[in-house]
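Please open the structure in your viewer and keep the selection tool at hand. The tour below goes from stop to stop, saying what to select and what is found there.

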Amino acid sequence: MMIHSFHIPVLGLAFSIDTPLKVARYGISSVVSVVDDELLERMRKYHSGLNNLPYAPIHKTSADCRARRITAYLNLLNFVVNEQFTRLKQEPFVEGSDIERYFDLLPEHSPLRQGYDLMKDYGDEKNKVFQEVLRAKMQKGSIDVNIMAKVDKLNYDALGDYSGDENTDALAALRGFAESDLESSVVLSAGMNPKLYSYLETFSDFYPDGRGNLRKKVILKVSNYRSAFIQAKFLAKKGIWVSEFRIESGLNCGGHAFATDGLLLGPILEEFKSERMTMQQELFAMYQSALQTKGFPITAAPAQRVTAQGGIGTGDEHAFLLQHYQLDSAGWGSPFLLVPEVTNVDDDTLRNLAGSKKSDYYLSNASPLGVLFNNFKNSSIEQEKQHRIARNRPGSPCTKKYLCSNTEFTEQPICTASRQYQHLKIKELNALKLKDEEYNRQYERITEKVCLCEGLSASVYIKNDMLKAGERSAVAICPGPNLAYFSRIYSLDEMGGHIYGKINLLAGSERADIFINELNLYIDYLKREILSCMENMNDKKHKYLQNFKGQLQQGIQYYKQLIPQMTNYAGAYIEKMFSDLALSEQQLCLVNIDVAGNQLSIN
């Protein structure tokens, strides 16, 4: 049972790499990326030094180095957080202490917070009793780990021989987590990887112990109910229980954007709410059968949480999502990029984010994964990219190779952001002798890619003065568009208070409701899709566009029914939401998809 109703999702590669060391002792759960084992190794050395702990390097040439580095770093996080939490619990209840901050950060309706408030009303003797009860009920936040299931690069030894399926990037990362001391969850994101999912079977911590407890749990990050159910059934048949479905908006989020086919967050959450128990019962029957076959004790159905994240901006939105859709928690990611005591954003990038406007955030093709990527115009990596193009040297040196997947020109995969790939691709483009307009369009498509392996790690090295001589300092950052409404640097206490509605950091901001914002993002996305389909239209694309628009229209009708139920909002807010929804509906009506005439238009 979590004591907070919010969690901090994974933020890039490095922005939340050590967030548990900053918030877990206060009961706040967060997620760490384990994509970059070189980053983890350097952070292990850094934090070992800060905490006077011994450090023995795990060299890149040593056996099973990726998994061992991940295990070692996660064990360090676990050890330090446990030490922090033990010290915090022993502190006296005095003003300014960490233990007082622990309780002050809790929502006011929390039983633990109410017990703390009650304790302060009693005399010294009863205070001591209260304090011991409160200490016993305190919980630390979970140190969870994110693995992008399809970022699963094949690896080769020094002789060029394939290292084997168990040593691909994603499987080695899972092994690193599975063999760590943590009792927490792995968040599997970015689609289904059957090989990775099947590998879960080989680790005992994912199965129930004699009391039915799971030492390690699985969280699926999903964008719709159907996908969630398919993936969960695949795992249940193997005796692996999905302990949480983490629903993320397809477009109103940070990082990579996995758009749905027009399904909006509200209707998706409604489907989870109505089908949740039916799904859990069906999954448990499969799970029970698989455990019986494997010889594990049959237990009652483990808990199964449903959470959501992406674009939440106010305490009212947070409360409504939890209450109306019966969610167990909500994720707040991008706003924490403006909280320096929680995340790793260098000073220059932090100032740019704090002074940003809505137009600074955009959906790009910058990711070498070939997936749309939420980008920030004022990042230093965008400036570096333009400088290289101006010097006729597009592309980046490829040193880490985590996103190598292209084999157009080479036998072994290379990265589309690399100088090698872009040189070869531009050479191929030059041979086509295209007209200037088409040439420039294709050239921009090639050179838009940036090195995320280096760019998403650079900020933590700059912030902690860890850059090596000659190491690149260009920062890539991938906030969700919702960050545009947060306009300064905040403390953890301020952001926590905002989430729980104690204060309003967005007072005076012209921001629409989370559902309206996402709807508008999807309407813009539909227009973008139409433009990309116009040149080579066929029946399949027409049907896709028609269905997409139809889903948006259904979503609008759903929101018309939902808004009157939003009784925790002020009347003026409800009126504005109806007005904003009507404007969005008008915009969608102007998007014309005429199948009979094979015409598409955006007015």
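**First stop: a strand and its surroundings**

Begin by selecting Arg305, which has its place in strand β7, made of residues 305-309. Keep in mind throughout that this is a predicted model. Which residues is Arg305 in contact with, once its neighbours within four places in sequence are left aside? They are Met2, Ser243, Glu244, Phe245, Arg276, Asp328 and Ser329. Now add Asp209 to the selection: Arg305 and Asp209 are 96 residues apart in sequence, and from C-alpha to C-alpha they are 20 Å apart in space.

**Second stop: two helices side by side**

Two packed helices are described by the angle between their axes and the distance between the axes. Select helix α9, residues 225-236, together with helix α10, residues 265-294, and you will find that they pack at an angle of about 10°, with their axes 9 Å apart. Because angles under 35 degrees count as roughly parallel, α9 is described as roughly parallel to α10. To look at the meeting surface, show the side chains of α9, including Tyr225, Phe229 and Lys233, and those of α10, including Ile268, Phe272, Met279 and Tyr287, which are among the residues that meet there.

**Third stop: salt bridges**

Side chains of opposite charge can pair when their charged atoms come close. The structure holds 38 salt bridges, and a few of them can be visited here.

Select Arg69 and Asp37, which form a salt bridge whose closest N and O atoms are 2.9 Å apart. This pair links distant parts of the chain, with Arg69 in helix α3 (residues 65-89) and Asp37 in helix α2 (residues 37-50), 32 residues apart. Are these two residues buried or exposed? Arg69 is buried, with a relative accessible area of 4%, and Asp37 is buried as well, at 2%.

Move next to Lys153 and Asp169, where the closest N and O atoms of the salt bridge are 3.9 Å apart. Lys153 lies in the loop between β3 and α7 while Asp169 is in helix α7, so the pair ties together parts that are 16 residues apart in sequence. Both Lys153 and Asp169 are buried. If you now select Asp37, Glu38, Lys60, Arg66, Arg69, Lys153 and Asp169 together, you will have a network linked by salt bridges.

For another pair, select Glu585 and Lys560, whose side chains meet in a salt bridge of 3.1 Å, N to O. Glu585 is in helix α21 (residues 571-589) and Lys560 in helix α20 (residues 539-562), so that the pair links distant parts of the chain, 25 residues apart. Glu585 is partly exposed, with a relative accessible area of 24%, and Lys560 is partly exposed too, at 30%.

**Fourth stop: a nonpolar patch**

Select Leu154, Tyr156 and Tyr162, which make a nonpolar surface patch of about 260 Å². Tyr156 lies in the loop between β3 (143-148) and α7 (169-178), and with a relative accessible area of 32% Tyr156 is partly exposed.

**Last stop: two positive phi angles**

Most residues other than glycine have a negative phi. Select Asp64, found in the loop between α2 and α3, which has a positive phi of about 50° although it is not a glycine. Finally, select Gln326 in the loop between α11 (315-324) and β8 (329-331), where phi is positive at about 55°, again in a residue that is not a glycine. Asp64 is partly exposed, with a relative accessible area of 32%, and Gln326 counts as partly exposed at 47%.

Notes:
Residues numbered from 1 in each chain as written. Predicted model: local features only at pLDDT ≥ 70, side-chain atom pairs only at ≥ 80, totals over all residues. Heavy atoms only, no water. Patch = residues over 30% accessible without salt bridge, like charges linked within 9 Å, V, L, I, M, F, W, Y side chains within 5 Å. Areas by Shrake-Rupley, 256 points an atom, 1.4 Å probe, with all protein chains shown as cover. Salt bridge = Lys/Arg side-chain N within 4 Å of Asp/Glu carboxyl O. Helix = DSSP H or I, 4+ residues; strand = E, 2+ residues; numbered from the N terminus. Buried < 20%, exposed > 50% of the residue type's maximum accessible area, 1.4 Å probe, protein only. Axes fitted to C-alpha atoms, helices over the stretch in contact; angles between N-to-C directions. Parallel < 35°, antiparallel > 145°, perpendicular 65-115°, else oblique. Contact = heavy atoms within 4.5 Å.
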